[in-house]
Amino acid sequence: YQRRVRVDHPHNKTALVGDDRLGPPYDPPGRPHHHLTDYTRWTNANADYDIAYRFFYEPYVVQSMRRAPFWDERFVYYGFDKVVYHYTLDRLGARYTVLHDQFVMHLPHPRDAWYESDGKKASDDAAVLHKLVDSVLSEWGDTQNRDWRLAGQEEAEK
């Protein structure tokens, strides 16, 4: 869930779901960053449930640090770092289980200074990030996610 305005942190799932100032994270069209969690199902769940990973999924997770892969250091700023991390977890055989009685909150925060410096935004480097993602997919021998970009992105990057 994410906080849209300043509110006290809810102490349980009932309080969280009952507060209309809070809600599931936003997903851009065509990119399942969070929606695979199925927040409608989670709201009513009385038991944990597994979900199938898909490219772009970047849930908040609880995991053993001893088994966690390293972050790909090529993604040092904003963009695709969590997507590639979860892609790596999936390729390594991770299982995604939604905990029915647990939640985390994403709190609003200002953008870091690197996000917009020298008149340039991190999003200006989208073509570079996209090439890095293509490299990761290639390194894993992935042909299934080859067409991961949204329609029209390739033309916009030329």
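This is a short tour of a predicted model, with stops at a pocket, a loop residue and a helix.

**Stop 1: the second largest pocket.** Start by selecting Tyr60, Val61, Val62, Thr97 and Leu99. Of the 27 residues that line the second largest pocket, these lie nearest its centre. The space here comes to about 760 Å³. Next, colour the lining by residue type. You should find 18 nonpolar, 7 polar and 2 charged residues. Now show helix H2 (39-44) and strand E4 (96-98). Each supplies at least two residues of this lining. E4 gives the most, with 3 residues.

**Stop 2: Val61.** Stay at the pocket and zoom in on Val61. Its place is in the loop between strand E3 (49-51) and helix H3 (81-91). Is Val61 buried or exposed? Neither fully: Val61 is partly exposed, with a relative accessible area of 38%. Select His86 and Tyr96 as well. Leaving aside neighbours within four places in sequence, these are the residues in contact with Val61. Then pick the C-alpha atoms of Val61 and Thr97. They are separated by 9.2 Å, though the two residues are 36 apart along the chain.

**Stop 3: helix H4.** Move to residues 126-139. H4 has 14 residues and reaches 20 Å from first C-alpha to last, close to the 20 Å expected. Select Leu129, His130, Leu132, Val133, Val136 and Leu137, which are buried. Look down the axis of H4: the buried residues fall within an arc of 160°, so they line one face of the helix. Turn to the other side for Val128, Lys131, Ser138 and Glu139, which are exposed. Finish just after H4, at Gly141, where phi is positive, about 70°.

How values were computed: Residues numbered from 1 in each chain as written. Predicted model: local features only at pLDDT ≥ 70, side-chain atom pairs only at ≥ 80, totals over all residues. Heavy atoms only, no water. Helix = DSSP H or I, 4+ residues; strand = E, 2+ residues; numbered from the N terminus. Buried < 20%, exposed > 50% of the residue type's maximum accessible area, 1.4 Å probe, protein only. Contact = heavy atoms within 4.5 Å. Expected span 1.5 Å × (residues − 1). Arc of directions from axis to C-beta. 1 Å grid on protein atoms, 1.4 Å probe; cavity = no way out; pocket = protein on both sides within 12 Å on 5 of 7 lines; lining within 4 Å. Points joined across faces, edges and corners; volume = space filled by probe spheres on them. Nonpolar A, V, L, I, M, F, W, Y, C, P; charged D, E, K, R; others polar.
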